[in-house]
Amino acid sequence: MTRRAEEVIYPTDAGLYCVPGDFYIDPLRPVPRALVTHGHADHARPGHGAVMATRETLDIMAIRYGDDFAGSRQIAEGPVRIGAVTVSFHPAGHVLGSSQILIAPDHGPRILISGDYCRTPNPVCQPWEPVNCDIFITEATFGLPIFRHPDPMTEAGRLLTSMAEFPGRPHLIGAYALGKAQRVIALARAAGHHGPIAIHGALKRLCDYHVDQGIDLGPLVPATDPGEAQLILAPPSAFASPWVQRFRDPVLSYASGWMTVRAQARRRGIELPLVISDHVDWPQLTATIRELAPQEVWITHGAEDGLTRWCEIEGISSRPLRLIGYEDEPE
Amino acid sequence: MKAFARLLERLAFTPARNAKLTILSHYFQTTPDPDRGYALAVLTGTLDLRQVSPSLLKRLVSERVDEQLFRLSYDFVGDLAETIALIWPTDAEARAEEVSLSQAVTVLRETGKLALPGVIADLLDRLTPPERLALLKLATGNLRIGVSARLTHTALAMGTSRSSEEIEEIWHGQAAPFLPLFTWLAGGASPAVALAPFRPVMLATPITPEELAPLDPAAHVAEWKWDGIRVQAVAEGGLRKLYTRAGEEIGTAFPDIIEAMTFEGAVDGELLIRRGEEIAPFGDLQKRLGRKSISRTMLQSHPAALMLYDILTWEGEDLRPLPLSARRARLESAQFDSPRIGLSPLLPFETWEELTRIRAEPHSPVIEGVMIKRLDTPYIAGRPRGPWFKWKRDPMVIDAVLLYAQSGHGKRSGFYSDFTFGLWEGEELIPVGKAYFGFTDEELRELDRFVRKNTVQRFGPVRQLAPNLVVEVAFEGLNVSQRHRSGIAMRFPRISRIRTDKPASEADRLETLKAMLRS
């Protein structure tokens, strides 16, 4: 008996549910069994009965929520049998430990859940890997043709130019604690900034973890005592808090794919917008769909209208799932 | 064009004046000719380019991008030029060598109307998204860069041996790509000076009664400080020009003044709207500013006039080295044939007490204080401390309630420093204005704490506040305004005091402000 895709997996209020495996993917509320694509807080939540994820994602969840974040945990290694499906994890290139999840029922379509993914080389995580599938369930955070992310090294160059032009002004970059912060640090290092970089307390444990995993971030100092550090990283929410008042005449910057659009930077009061994204941009998104050539594309969250329209033009069958609860760029 | 695009982008996101200066001066120092000269022309609004209509751009993009995808994108971006710059489908790899700003300007200047769509499309194909945005903003004449001519001149002077006053003195007569100007800035020969040039103006500094007391009244004259705009009217060698105090030409908006300039010389004074003997408020003058052409109806309903207070040249003679006493005598003996041009009268006073009384009772609401000038000094460009003072009328004040707050930039990053305040009308608080200065650093911290503890709702970066805090708002005047819900626009409002002693219910009412408008 061959199952239809809709009988294998469908969206629920708690997230995507796999029937023959009896598990959820990135569930939004506590469930008995969860498979987690990556450690961002809106995808990886505490309180599940059992969690399967990569070793790194499990470590990150433990760092964030404490060791008792789930009843039990299992490291995803190789293809694993769960109920009547075979499950495997494949690098997504989004953040450290991020994965796509392939679900292969015994009889029925191979379903690939992209999670959040990115195809631009990123020194802090493994590169995205193509996986053959029949149903491709993709994110579409930047699913409009205006999003073409520049080479991240160009953006790092712009940062260093501004720091040289305003040597007396601290440069504060808003960057999410998992992934973006470490990537920005690695980019600044690659662009030639070797001095100490100050980090907000909320970034410390995850930066330490990256270093433990063998990712070189260079000298880091606490932002409460930045010394000579001209470059300071903080979660974006810190910009609206009195924390930022300790810096004299700072240049506020923000590293995000949203910085492509000027109004987005203005709305946040950003002086130096840096277009550095951990998601696929429009050319990568559309190229991925062409490359994988699935029978059908399902769209989890983001700008689904744009991607749906593109699929229609290309003659690719698609449907939006309109999953609520995943942020456009999480934390 | 990459450097120019980056310059525009950085200026657009940089609010602080000093940071803008750094960015501009760095651009001028590192960009080769003739590109920097064309950029200078763009920044000062002196470049005449063929304008491309939004409908032409929409047509170009509709030939290349799916209509529905474009509409979704435009909805998200909110700006037509920016959407087109981002969505234009070029293969980045296939791009040829960089297009220079000069090449782009030449194309926009010289292409005929029929060839324009093809040429624009070809340029867009060859540019990166930030460059495309710069080109489209140029081509639609919609730059809104937020730098004044004066700021640009100051940036040009940085790192050179020339001052911004010297630049302003030779500015008129120079044109894109400004090669002689840059040669001169680098220490070379002076460029040719134009006929009827702008001459940098002499500015006054503020003074308090305490600072005034030790000065000798007999060594000074006083005039009204008019609430118009400071202009320099120059008629030399058959050319007639009307400049703002920053050297920007505004003659096209004031053909009635140009026509009245039948003299030969350069004079300094206040531009006002005058009906018969009555001088109209600043709001009336504002209706004529910034226009490329003026209708006949407007010329009749809003007739302009000049109130002169100084004379810089007369019939070929440079009078600036003379002391004010001699210049005033020359001004009074000069012949002006038009009723549109008159002199700003000297105020009769023997003691500072007398001047204080005069200042307290101006005969016209279009007076914002008095000017006090030393009789023995020549006309010195810039703002020398001492010879000229402005002594403004005491500001008007009202007690208003804080309604909204937004965080500041640069030195005020992280502080809520931009405030909207309101007055009572019935049981409701009506927003009447915004203020972002006037308070001390200590008061700023107090206001910031208040905002954080009293936020009731957030709209993006704006916080709505519980209406609990009264502030004293000082301002310089009022205008009728249809754009404001209150019907009134304040001039230079600032928070002069935090009135924690006063409950919100005792803040002023909107009627009080309206009564001030009538008085």
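Domain bounds, as I use them here, come from an automatic or database domain assignment. The model I examined is predicted.

**Entry 1. Domains of chain B**

I looked up the division of chain B and found domain 1 at 2–140, domain 2 at 205–392 and domain 3 at 396–518. I then took the centres of domain 1 and domain 3 of chain B over C-alpha atoms, and 39 Å separate them.

**Entry 2. The first two helices of chain B**

I recalled that two packed helices are described by the angle between their axes and the distance between the axes. For helix α1 (residues 2–13) and helix α2 (residues 17–30) of chain B, I noted an angle of about 170° and axes 10 Å apart. Because angles over 145 degrees count as roughly antiparallel, α1(B) is roughly antiparallel to α2(B). I listed the residues that make the contact: α1(B) supplies B:Ala3, B:Phe4, B:Leu7, B:Arg10 and B:Leu11, while α2(B) supplies B:Lys20, B:Ile23, B:Leu24 and B:Tyr27. By class, the residues of this contact are 7 nonpolar, no polar and 2 charged.

**Entry 3. From α2 to α3 in chain B**

I followed chain B onward into the loop between α2 and α3 (35–43), where B:Pro34 is found. The peptide bond that leads from B:Asp33 to B:Pro34 is cis, with omega near -5°. I next asked how many residues of α3(B) are buried. The count is 9 of the 9, so α3(B) is largely enclosed by the rest of the structure. I recorded among the buried residues the charged pair B:Asp35 and B:Arg36, and also B:Tyr38, B:Leu40 and B:Val42. Just after α3(B), I found B:Gly45 with a positive phi of about 65°.

**Entry 4. A second cis bond in chain B**

I looked further along chain B and found a cis peptide bond joining B:Ala176 and B:Pro177, with omega about 5°. B:Pro177 has its place in the loop between α11 (164–171) and α12 (179–185) of chain B. As background, I noted that most peptide bonds are trans.

**Entry 5. A sheet in chain B**

I traced an open sheet of 4 strands in chain B, with the order β1-β11-β10-β2 and mixed pairing. Its edge strands are β1 (205–206) and β2 (220–226), each of which pairs on one side only. I checked how β1(B) is joined to strand β11 (residues 388–392): the two run parallel and share 2 bridges. In that pairing, B:Pro206 has B:Lys390 of β11(B) as its bridge partner.

**Entry 6. A sheet in chain A**

I turned to chain A and found an open sheet of 6 strands in the order β1-β2-β3-β4-β5-β6, again described by mixed pairing. The edge strands of this sheet are β1 (9–12) and β6 (70–75) of chain A. The twist averages 30° from one strand to the next. I examined the pair formed by strand β4 (residues 33–35) and strand β5 (residues 48–53) of chain A, which is parallel over 3 bridges. A:Arg33 has A:Ala50 in β5(A) as its bridge partner.

**Entry 7. Strand β16 of chain A**

I asked whether strand β16 (residues 251–255) of chain A is covered or uncovered, and recorded it as mostly covered, with 5 of its 5 residues buried. In a regular strand the side chains alternate between the two faces of the sheet. In β16(A), I saw A:Val251, A:Ser253 and A:Ala255 point one way, and A:Leu252 and A:Tyr254 the other. Strand β12 (residues 171–174) of chain A runs parallel to β16(A), with 4 bridges joining them, and A:Leu172 stands opposite A:Leu252. β16(A) also pairs in the parallel sense with strand β17 (residues 272–274) of chain A, over 3 bridges. There, A:Ala255 has A:Leu274 as its bridge partner.

**Entry 8. Positive phi in chain A**

Most residues other than glycine have a negative phi. I looked for exceptions and noted A:Asp22, with phi near 50°, in the loop between β2 (15–18) and β3 (23–25) of chain A. A:Asp22 counts as partly exposed, at 48% relative accessibility. I also noted A:Asp249, with a positive phi of about 50°. A:Asp249 lies in the loop between β15 (231–234) and β16 of chain A, and is buried, with a relative accessible area of 14%.

Technical notes. Residues numbered from 1 in each chain as written. Chains lettered and ligands numbered in written order. Predicted model: local features only at pLDDT ≥ 70, side-chain atom pairs only at ≥ 80, totals over all residues. Heavy atoms only, no water. Axes fitted to C-alpha atoms, helices over the stretch in contact; angles between N-to-C directions. Parallel < 35°, antiparallel > 145°, perpendicular 65-115°, else oblique. Contact = heavy atoms within 4.5 Å. Pairing = 2+ DSSP bridges. Buried < 20%, exposed > 50% of the residue type's maximum accessible area, 1.4 Å probe, protein only.
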